Amino acid sequence: MRYDTKIMPLRTPGAINEAAKLILSGELVAIPTETVYGLAANAFDENAVRKIFEVKGRPADNPLIVHTYGIDGVSEIAEEIPETAKKLFENFSPGPLTIVLKKNPKIPQITSGGLGTVGVRIPDIADIRELIKICGVPIAAPSANLSGLPSPTSARHVFNDLQGKIPLILDGDECKIGLESTVISLQNEDIKILRPGNITKENLSEFGKVIVDEGVTGELSGIPASPGMKYKHYAPKADITLIEGELPFFIYYFNKNADEDTFALMFDDDECAIKNRINFGKTSKDQAANLFKTLRELDERSIKKVFARCPKKTDEGLAVYNRLIRAAAFKLHSF
Ligand code: TXA
Ligand code: MG
């Protein structure tokens, strides 16, 4: 089915009601969140959820995150809410934290990618929580990009990927955070980070021992704890190599190996004379907010080859590194 895809500002009177009507009739609607745009469907509706996988070209074994309006809504998604999960939701929600919990049988297998667990998140945009409340059902929503492309951080990104494939995009301007939520699972008292994000290891460590899954920084072998991590992700068409080391080494490497079409992806405060240069932020927060937009820009400008500065791996920098190393298909040169 082809749609005449409509983009509606979130604040347009009636926009939320129209979105709710579509979702309850089994259609997909792209929605803004504080992290990235999501492709929303009724999480209880198998046929609607199937459309998500079709429209994105997403592998069926990659589970979806299910969103709710508040802590009271978690129990219709998860069968049990351990004490640690309760504390974490109370502290970090609404916000960019997804907790993997035992699935409520009401959530169909297709939504959880065949797993007995489900990722639960309460997004930090009041109008979107209102939308979920009006729908009266939890909302399954992966990032609203075509599978394998960088996640969308604006309504225009969503339109570029999904034009004609969905009826409605709610436009909530640029996403504040710009990288997807932190995904964690709980093991007894311990907290395991499956995907790093704006809620950092440092933030979580107040609530228990925090383990970072080995798939976060490295290339995976074996069965990943989070199926999404095994897929090539966030990748623009450009061939990216990460260069790890101080600025002088980067400049040395660039000058030695770049041809005239090669671009340098750099931090705003890097002082150097490289002309083919794109900046993606100074602090980790800025870099997080700009990364996906910048990766899409590389394709829009038909840039073919990129050497990128390696983000720091502490705090929110770990999330930036995790996405950029995948965009680089794990090509890393360290000094
Ligand atoms: O910020 C976000 O999380 C955005 C917005 C729209 O909420 N959503 C998002 O969804 O990034 P998606 O589907 O693009 O990424 C979900 C990630 C995948 O890596 C998936 O494997 C993991 O979460 N995940 C979901 N459910 C899981 C589960 N039950 N066990 C382990 N990993 C799970
Ligand atoms: Mg995604």
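Okay, quick definition before we start: when I say helix, I mean a DSSP run of H or I at least four residues long, and helices are numbered from the N terminus. Keep in mind that this is a predicted model.

With that in place, let's look at helix α4, residues 126–135. Right after α4 ends, G136 takes a positive phi, about 75°. As for the helix itself, its buried residues are D127, I128, R129, L131, I132 and C135. And what do those buried residues pack against? You'll find α1 (15–24), β2, β4 (65–67), β7 (139–140) and β8 around them.

Two of those partners, β2 and β8, also pair with each other. Strand β2, residues 29–31, runs parallel to β8, and 2 bridges join them. If you want a residue to click on, A30 stands opposite I169 in β8. Then β8, residues 168–171, also pairs with strand β1, residues 6–9, again in the parallel sense, over 4 bridges. There, K6 has L168 of β8 as its bridge partner.

Follow the chain out of β8 and you get to the loop leading to β9 (182–187), where D173 sits. D173 is not a glycine, but its phi is positive, near 65°. So is D173 buried or exposed? Its relative accessibility is 58%, and the cut-off for exposed is over 50%, so D173 counts as exposed.

Okay, over to another part of the model, helices α8 and α9. That's residues 284–300 for α8 and 317–327 for α9, and their axes come within 9 Å, crossing at roughly 25°. Anything under 35 degrees counts as roughly parallel, so that's what we call α8 and α9. The crossing is left-handed.

Who's touching whom? On the α8 side we have S284, Q287, A288, L291, F292 and L295, and they meet G317, V320, R323, L324 and A327 on α9. Sort the residues of that contact and you get 7 nonpolar, 3 polar and 1 charged.

Past α9, in the loop before β16 (332–334), there's A329. A329 is another non-glycine with a positive phi, this one about 50°. At 38% relative accessibility, A329 counts as partly exposed.

Last thing, a peptide bond to look at. Going from S93 to P94, the bond is cis, with omega near -5°. You'll find P94 in the loop between α3 (83–92) and β5 (97–102).

That's my tour, thanks.

Notes. Residues are numbered from 1 along each chain as its sequence is written. Chains are lettered from A and ligands numbered from 1 in the order in which they are written. This is a predicted model: local features need pLDDT of at least 70, side-chain atom pairs count only at pLDDT 80 or more; totals for chains, interfaces and linings use all residues. Side-chain values use heavy atoms; hydrogens and water are left out. Axes are lines fitted to C-alpha atoms, for helices over the stretch in contact, and angles run from 0 to 180 degrees between N-to-C directions. Angles under 35 degrees count as roughly parallel, over 145 as roughly antiparallel, 65 to 115 as roughly perpendicular and the rest as oblique. A crossing is left-handed if the near helix is turned anticlockwise from the far one by less than a right angle, and right-handed if clockwise. Contact means heavy atoms within 4.5 Å. Ala, Val, Leu, Ile, Met, Phe, Trp, Tyr, Cys and Pro count as nonpolar, Asp, Glu, Lys and Arg as charged, and the others, Gly among them, as polar. Two strands pair if DSSP finds at least two bridges between them. Buried means under 20% relative accessible area, exposed over 50%, partly exposed in between (1.4 Å probe, protein chains only).
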